[in-house]
Amino acid sequence: MNAADTSTAAHGPGGIGHVVVIGGGISGLAAAHRLLDGGARVTVLEASGRLGGKLRAGEIAGVPVDLGAESMLARRPEAVELARAVGLGERLQPPSTATARLWTRGALCPMPKGHVMGVPGDLGPLVASGVISPEGLARIEEDVRLPRTEVGEDVAVGEYVARRMGREVVDRLVEPLLGGVYAGDAYQISMRAAVPQLFEAARSSRSLLDGVRGIQSRAAATVHQAGAAATGSVQDSPVFMGIAGGIGTLPGAVADAVRAKGGEIRTGTPVAAVQRTADGWRIAVDGAALTADAVVLATPAPATARLLAAVGKPAAAELSTVEYASMALVTMAFRRADMGRARRIIGSGFLVPPVDGRKIKASTFASNKWGWIGAADPDLFVLRTSLGRYGDEEDLEREDAELVRLSRTDLREAMGLTAAPVATEVTRWYDGLPQYPVGHLARVARIRDAVAQLPGLRVCGALYEGVGIPACIASAHRAADDILGTLRPGTLAGEREWTA
């Protein structure tokens with residue numbers, strides 16, 4: 001093979017051309033899987049030595065755990081369907097418990113039901129939880145008497161909810177829930193992008209309470225109809241799903257499926273540049289070059305901006321404005337026999353409102369939440385904490401032992417856990433989550449419009465359709481389908497033509 005051109009003439013089953021996918025996270029792997037199903041020949045290039053991006057399986061004290069994302073939304077089909085397609089269907093499992101609490105005002109309070117991303121529709125559970133003060137509850141009730149609050153083309157979640165119901169409901173409920181998804185600031189996060197059903201309710205309802213109740217009523221009707229259609233009876237479907245052994249096993253299974261379909265995957269292969277040619281694309285790697293009919297960029301915004309700087313300046317300029325949040329996960333294993341009264345820990349964990357000034361923002365009781373973790377060693381209790389969020393990332397520069405100490409200090413105060421862990425693992429995710437500020441969807445539209453001017457190139461990932469695993473896969477499928485639509489059977493790099 002010529003060192004200056006590492007492409008080959010081989011093609012996928014349909015012979016429609018060669019596509020290079022840059023980025024080996026779940027988005028890039030899902031795009032490769034889709035492209036191969038469509039008949040393309042595919043090469044995946046990953047700069048690091050590991051596939052999976054923010055999905056990472058590991059172990060602690062011999063117990064399998066996730067060191068990155070640990071669950072996926074099950075009421076969106078993309079991730080569950082991909083897991084089944086790559087042979088993980090029998091390992092799909094819902095959480096053993098999904099009963100979370102809030103650590104606020106010095107107590108672990110039950111997470112009140114009857115809300116949409118922390119915005120209440122039913123005040124009964126909220127009153128019973130003790131999360132909101134009497135003054136805060138009175139302020140929420142003012143919503144029904146206030147005139148409509150116009151939201152325009154977009155508005156920050158926290159800003160709008162505070163106007164309708166007061167800051168306390170934002171600080172104690174909305175902020176920790178949104179922070180668990182975006183590691184961001186509720187007062188900056190776009191409602192239209194992050195909670196679109198709430199945005200539509202804000203546009204159509206004068207009262208936010210009434211709007212939330214409408215969302216809940218429609219959601220209940222949808223679940224009722226889906227359950228009846230599927231089983232002949234009404235059943236509650238799980239909101240989230242995991243995989244025995246960890247969500248982090250999904251990228252490896254997709255990669256195996258990609259290889260089995262004839263795709264090539266190269267790790268430790270950073271891409272220096274992408275260039276347009278007369279008949280396709282040239283991808284510079286390791287002093288050599290790869291030619292392709294099309295390219296999918298499944299990379300974070302800074303890397304995508306760098307690769308597009310010479311060929312797509314408008315897209316690169318938009319991508320360069322994207323900001324990210326960093327966080328750390330501290331995973332710990334304890335001997336149950338050492339845990340004292342903390343052995344009676346119940347539920348899946350707790351969230352921490354930033355307004356309370358704690359170091360950790362959440363703790364997940366992994367042994368309670370996931371059956372395979374609890375079963376792997378019944379004598380151990382595994383939990384993890386998370387630290388860091390957008391605008392509050394100084395603690396991530398501390399040594400691992402210091403992050404463990406900070407976590408243990410908060411855990412001792414929250415739940416009386418004084419035992420020393422038998423094993424710890426600290427995982428840092430620098431620039432782990434793209435932020436979705438007000439106007440985010442308009443920015444994504446501008447990026448896509450600019451990328452559309454580059455025939456045979458598309459982008460996908462957590463920036464475009466949501467940060468969750470199903471949304472990343474959906475963006476990958478959209479990019480792959482767009483690419484497949486531009487190629488004709490029988491075309492080759494260097495001797496093919498584009499279709500509109």
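How many aromatic pairs does the count come to? The answer is 5, and the close-ups below, taken from a predicted model, visit some of them along with the nonpolar cores.

**View 1. Y182 meets Y436 in a tilted aromatic pair.** The two rings sit 5.3 Å apart, centre to centre, with 50 degrees between their planes. Y182 belongs to helix α6, while Y436 comes from the loop between β21 (423-434) and α16 (440-451), so this pair ties together parts that are 254 residues apart in sequence. Buried or exposed, these two? Both Y182 and Y436 are buried.

**View 2. F365 and F381 make another tilted pair.** Here the ring centres are 6.1 Å apart and the planes stand at 55 degrees. F365 is in the loop between β19 (360-364) and α13 (366-369), and F381 is in strand β20 (residues 380-387), so the parts being tied together are 16 residues apart in sequence. F365 and F381 are both buried. Pull in W103 and F350 as well, and you have a cluster of four residues, W103, F350, F365 and F381, linked by ring pairs.

**View 3. The largest nonpolar core, with its 50 residues.** V161, L178, M191 and L198 have the most contacts inside this core. Which helix gives the most to it? That's α6 (residues 167-182), with 7 residues.

**View 4. L198 and the residues it touches.** Leaving aside residues up to four places away in sequence, L198 touches V116, V119, M191, L208, V212 and I215.

**View 5. A second, separate core.** This one has 47 residues, among them V258, A294, C472 and I473.

How values were computed:
Residues are numbered from 1 along each chain as its sequence is written. This is a predicted model: local features need pLDDT of at least 70, side-chain atom pairs count only at pLDDT 80 or more; totals for chains, interfaces and linings use all residues. Side-chain values use heavy atoms; hydrogens and water are left out. A nonpolar core is a set of buried Ala, Val, Leu, Ile, Met, Phe, Trp, Tyr and Cys residues joined through side-chain atoms within 4.5 Å. Buried means under 20% relative accessible area, exposed over 50%, partly exposed in between (1.4 Å probe, protein chains only). Helices (H or I, at least four residues) and strands (E, at least two) are DSSP runs, numbered from the N terminus. Contact means heavy atoms within 4.5 Å. Rings of Phe, Tyr and Trp (its six-membered ring) pair if their centres lie within 6.5 Å; planes under 30 degrees apart count as stacked, over 60 as edge-to-face and the rest as tilted.
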